[in-house]
Amino acid sequence: MTKARPDSSESPNESPESTESADRAVDAFPDCGSDQMSYSPAEKQKDFLMLPPEEKLRHFDRQARVSEDNQEFDSCIQDLVRCVALTRIIDEEAHLKLAQAHARLAKAYFQFKGWGLQAWQHSDLAREQLRLCSFSSCRSDKVEVLKCLLNVHLTHGGASLLTENLMEAESSFLEANHVLEQLHQHCPVSQEEKMKTRLEISSGLCRVYKGQNRPEEALSQCEESLQLLKDCSKPERTCSVYRDMATIEQERGHLDRAIEHLSKAHAIAVRHCSEELEGAQISHSLALILSAAAEPHHNDSASHYFEQTLRAYRNSVGPQDPAFLSAQDDFCRFLLISGQHEKCAEIQRASLESKQRAFGDLSAEVADTLQLIGSVEMTKGRMIQAHRTMTKCLKIQSLRCGLQHKKTKAVQKAVDMLARIPEVAEKLQS
């Protein structure tokens, strides 16, 4: 696991990155005099470096916001690192401001890069500064302290999930909920902002409880999310919650409940979601659960949802997209179990060229497709074709996995068996 570099924020003028950042600062810094245009780049850089740290901090703070708006996340993080260092240089006793700088950097690492360790480290540094802040003059600025503390707990919880520290994540999200209530008592919080924060907390706790194998508590968090979303126009988010509930129920073996939750998600997606891809993914999940159900009456429904899935994927991402091809393979497995071997082989043959383009001629997907087609041909008594197909599969598996791999050995066994059949042996000798 890559370790964060805590000292990177301590020396903004000593690294190659700082030179690059200073260059960008010179380019972006406004002219200060009428003859500024006659300055050379070196003179401009020197002029910028001579500015007091307060001016530099204001500049890098603005530049970080611009970079975030432009989705230039690496530049944004680079400027936020310098904001942390400059805040410390200006006044290392300004605990609240230093905590806010660390919290902002932690959130950027988490949201923009998904770097859990770095986010966790800087949120921890922010918490340390806030602990010092509670014993200083910052006590009077209670609202700002609480807002910073809320952001820190949310980021720390998310970062702990990324680093699979579930106990730490649970503690952080519960603390965030407590701080949100305190903040609500000290200042007016908009209903939308409060709902957004509570959703983030309940979603985080759901992931924690799923990871800890506490399904009842995970479902309780999902119910809370649904309650929060009740009067909001957020169909994608509602669908996501129902899908989480379906996954939890499926893992518990409650297939009927899982089907019920996915059916609700599907109905919402069809009515309200502009993205057809969302409906395709839910249809796919429904088809898989229905095809796994023991009751025979679910077969017709599974077939219906598989076909609906393939139509939706074809319209949204195209027939050569891996998502479409994966769903098609799942449909073929269902057809095999249902005894529709010929239809399965027909679909697989038609998909072979697309899989070669999408995954490569020597991919596992192509090998698996050839093996499935060969198996169906054997079942139907077309032994010469089966031998030809299985031989192609053997060549790929040998190159991919080696001659001693169990997959290669299984295909080799089938090829050898087919070669001993009289009509195949005669064809090979001719």
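A residue counts as buried when its relative accessible area is under 20%, as exposed when that area is over 50%, and as partly exposed in between (1.4 Å probe, protein chains only). By that yardstick, the buried residues of helix H18 are Met383, Ala386, His387, Thr389, Met390, Cys393, Leu394, Ile396 and Gln397. Helices (H or I, at least four residues) and strands (E, at least two) are DSSP runs, numbered from the N terminus.

A word on the source comes next. This is a predicted model, in which local features need pLDDT of at least 70 and side-chain atom pairs count only at pLDDT 80 or more, while totals for chains, interfaces and linings use all residues. Residues are numbered from 1 along each chain as its sequence is written, and side-chain values use heavy atoms, with hydrogens and water left out.

Taken as a whole, the protein chain has 20 helices and 0 strands. Of its 430 residues, 41% are buried. Contact here means heavy atoms within 4.5 Å. Among contacts between residues at least 6 apart in sequence, 59% join residues at least 24 apart.

Back to H18, then. This helix covers residues 383–401 and has 19 residues, reaching 25 Å from its first C-alpha to its last. That is close to the 27 Å expected at 1.5 Å a residue, where the expected span is 1.5 Å times one less than the number of residues. The buried residues of H18 pack against helix H17 (364–379), helix H19 (406–419) and H20. Right after H18 comes glycine 402, whose phi is positive, near 95°.

The pairing of H18 with H20 (residues 422–429) can be described in more detail: their axes come within 9 Å and cross at roughly 65°. Axes are lines fitted to C-alpha atoms, for helices over the stretch in contact, and angles run from 0 to 180 degrees between N-to-C directions. The crossing of H18 and H20 is right-handed, a label used if the near helix is turned clockwise from the far one by less than a right angle, with left-handed for an anticlockwise turn. On the H18 side the contact is made by Met383, Ile384 and His387, and on the H20 side by Glu423, Val424, Lys427 and Leu428. Sorted by type, these residues come to 4 nonpolar, 1 polar and 2 charged. For that count, Ala, Val, Leu, Ile, Met, Phe, Trp, Tyr, Cys and Pro are nonpolar, Asp, Glu, Lys and Arg are charged, and the others, Gly among them, are polar.

Helix H13 (residues 276–292) offers another view of helix packing. With 17 residues, H13 reaches 25 Å from its first C-alpha to its last, close to the expected 24 Å. Its buried residues are Glu278, Gly279, Ala280, Ile282, Ser283, His284, Leu286, Ala287, Ile289 and Leu290. They pack against helix H11 (235–251), helix H12 (255–272), helix H14 (298–316) and helix H15 (322–337).

Some single residues are worth a look too. Glutamine 129 lies in helix H6 (residues 116–133) and is buried, with a relative accessible area of 13%. Leaving aside residues up to four places away in sequence, glutamine 129 touches His95, Leu98 and Ala99. With histidine 95 there is a polar contact, side chain to side chain, at 2.9 Å. Such a contact is a pair of N or O atoms within 3.5 Å; within protein, one must be able to donate a hydrogen and the other to accept it, and residues adjacent in sequence count only if both atoms are side-chain atoms. Leu98 turns up again around threonine 87, which touches Leu57, Glu92, Lys97, Leu98 and Ala101, again not counting residues up to four places away in sequence. Threonine 87 is found in helix H4 and is buried at 8% relative accessibility.

Lysine 343, in helix H16 (residues 341–359), is partly exposed at 34%. Lysine 343 touches Glu307, Phe331 and Leu335, not counting residues up to four places away in sequence.

Two loop residues round things off. Most residues other than glycine have a negative phi. Glutamine 71, in the loop between helix H3 (53–69) and helix H4 (73–90), has a positive phi near 60° and is exposed at 62% relative accessibility. Asparagine 213 sits in the loop between helix H9 (191–211) and helix H10 (215–229); its phi is positive, about 60°, and at 65% relative accessibility asparagine 213 is exposed.
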